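Q: Please give me a close look at one residue in the model below, and then go on to the parts of the fold around it. I work at the bench, so plain terms are welcome.

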Amino acid sequence: DQDRAARSAAAHLAPAYLPVGRVLAGSLAGLACSVVHAPISVLKNRLQVAQYADLRTAFLAVANADGLRGFYRGWASDASLEVLLATVQFVALDRLRALAPAGLPIAPWRNSAIGFAAGALTALCTEPLDVVKTRLTTQPLQPTSAAQSHGRGAKPSAGKAVRARKGRDGSDEYGGVRDALWQIARTEGTLALWRGLPQRVAYTELKGAIWYSAYEQTRVALGGALPRVAGLRL
């Protein structure tokens, strides 16, 4: 994961390059993770907006309409989000830890505060990409005419899949990350890119506070057997 990659980078870099190495390692690890969890994210988002009644229905609908490509719809936004997450959270934790008294153990409440603040900052900086990712991964699907003519059980070729009409020309409403950012800001206002921010901030704050404090306390209890993390996966 990102933390392990960051620690590995720290072992091979000069101190002056550690911050850059941590961010780079975390970003690359995030990209690798996005390849694995992108299909899960696509199905989760479609179920959350009530496009399908259950996981099986969602899986078959995406597979029939777009094939494997359908499970990676919006992957560019997912990958971009992972890189930005790694950058913000690694830098935030490094800076926040530097504010603690040097040479003294950090109290549990301080670790919680560090994780809490890092989570809030990460959510604030990455919310536009998270909104775009959700919009891209939940654009409706439409089975091909071949599938319709052969009945429900037919599985059309992924290369011939046709997405549901969203734009005037029958294409998706959003053509990609940049197009989605532009269209949302233009038609709904810039603040729409931060829609759902309070809920996401609350989630990442609590997760960061619990995770980081628990990890640091466990590390101390084990006598330093665990390495000190430089970043937090939110």
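Is Ala50 buried or exposed, and what is its relative accessible area?

A: Ala50 is exposed, with a relative accessible area of 62% (exposed means over 50%, buried under 20% and partly exposed in between, with a 1.4 Å probe and protein chains only). Before we go on, please keep in mind that this is a predicted model, where local features need pLDDT of at least 70 and side-chain atom pairs count only at pLDDT 80 or more, while totals for chains, interfaces and linings use all residues. Residues are numbered from 1 along each chain as its sequence is written, and side-chain values use heavy atoms, leaving out hydrogens and water.

Ala50 sits in the loop between α2 and α3 (55–66) (helices, H or I of at least four residues, and strands, E of at least two, are DSSP runs numbered from the N terminus). Its backbone deserves a look too: Ala50 is not a glycine, and yet its phi is positive, at about 60°. A glycine with a positive phi can be found elsewhere, just after α8, where Gly223 takes about 70°.

Now for the wider fold. The protein has eight helices and two strands, and these follow one another as α-α-α-α-α-β-α-β-α-α along the sequence. Of its 234 residues, 43% are buried.

The loop that holds Ala50 comes after helix α2, which covers residues 18–48. Val36 has its place in that helix and is exposed, with a relative accessible area of 62%.

Helix α2 also helps to line the one cavity of 30 Å³ or more in the structure. A cavity here is a set of points, on a 1 Å grid over the protein atoms alone, where a 1.4 Å probe fits but cannot get out, and lining residues have an atom within 4 Å of a point. The largest cavity has a volume of about 30 Å³ (the space filled by probe spheres set on points joined across faces, edges and corners). Among its lining residues are Ala38, Ser41, Val42, Phe71, Tyr72, Arg73, Trp75, Asp78 and Lys133. Helices α2, α4 and α5 each supply at least two residues of this lining, and α2 has the largest share with three.

Arg73, from that cavity lining, has a charged partner: its side chain meets that of Asp66 in a salt bridge at 3.2 Å, N to O (a side-chain nitrogen of Lys or Arg within 4 Å of a carboxyl oxygen of Asp or Glu). Asp66 counts as buried at 1% relative accessibility, and Arg73 does as well at 7%. The structure holds nine such bridges.

Next comes the largest pocket, an open set of points with protein on both sides within 12 Å along at least five of seven lines. This pocket is lined by 26 residues, and Lys44, Asp130, Lys133, Thr134 and Arg200 lie nearest its centre. Two or more lining residues come from each of α2, α4 (75–98), α5 (108–137) and α8. Helix α5 gives the most, six residues, and the space in the pocket comes to about 800 Å³.

Two of those central residues pair up: the side chains of Lys133 and Asp130 form a salt bridge at 4.0 Å, N to O. Both residues lie in helix α5, three residues apart, or about one turn of the helix. An α-helix has 3.6 residues a turn, so residues three or four places apart point the same way. Lys133 is buried, with a relative accessible area of 12%, and Asp130 is buried with 16%.

Helix α5 takes part in a longer-range contact as well. Glu188 forms a salt bridge with Arg135, their closest N and O atoms being 3.0 Å apart. Glu188 lies in helix α7 (residues 177–188) and Arg135 in α5, so this pair ties together parts that are 53 residues apart in sequence. Glu188 is partly exposed, at 33% relative accessible area. A separate set of shared partners brings us back to the pocket: salt bridges join Glu127, Asp130, Lys133 and Arg200 into one network.

Arg200 is one of the buried residues of helix α8, a list that also includes Leu197, Val201, Thr204, Glu205, Tyr212 and Arg219.
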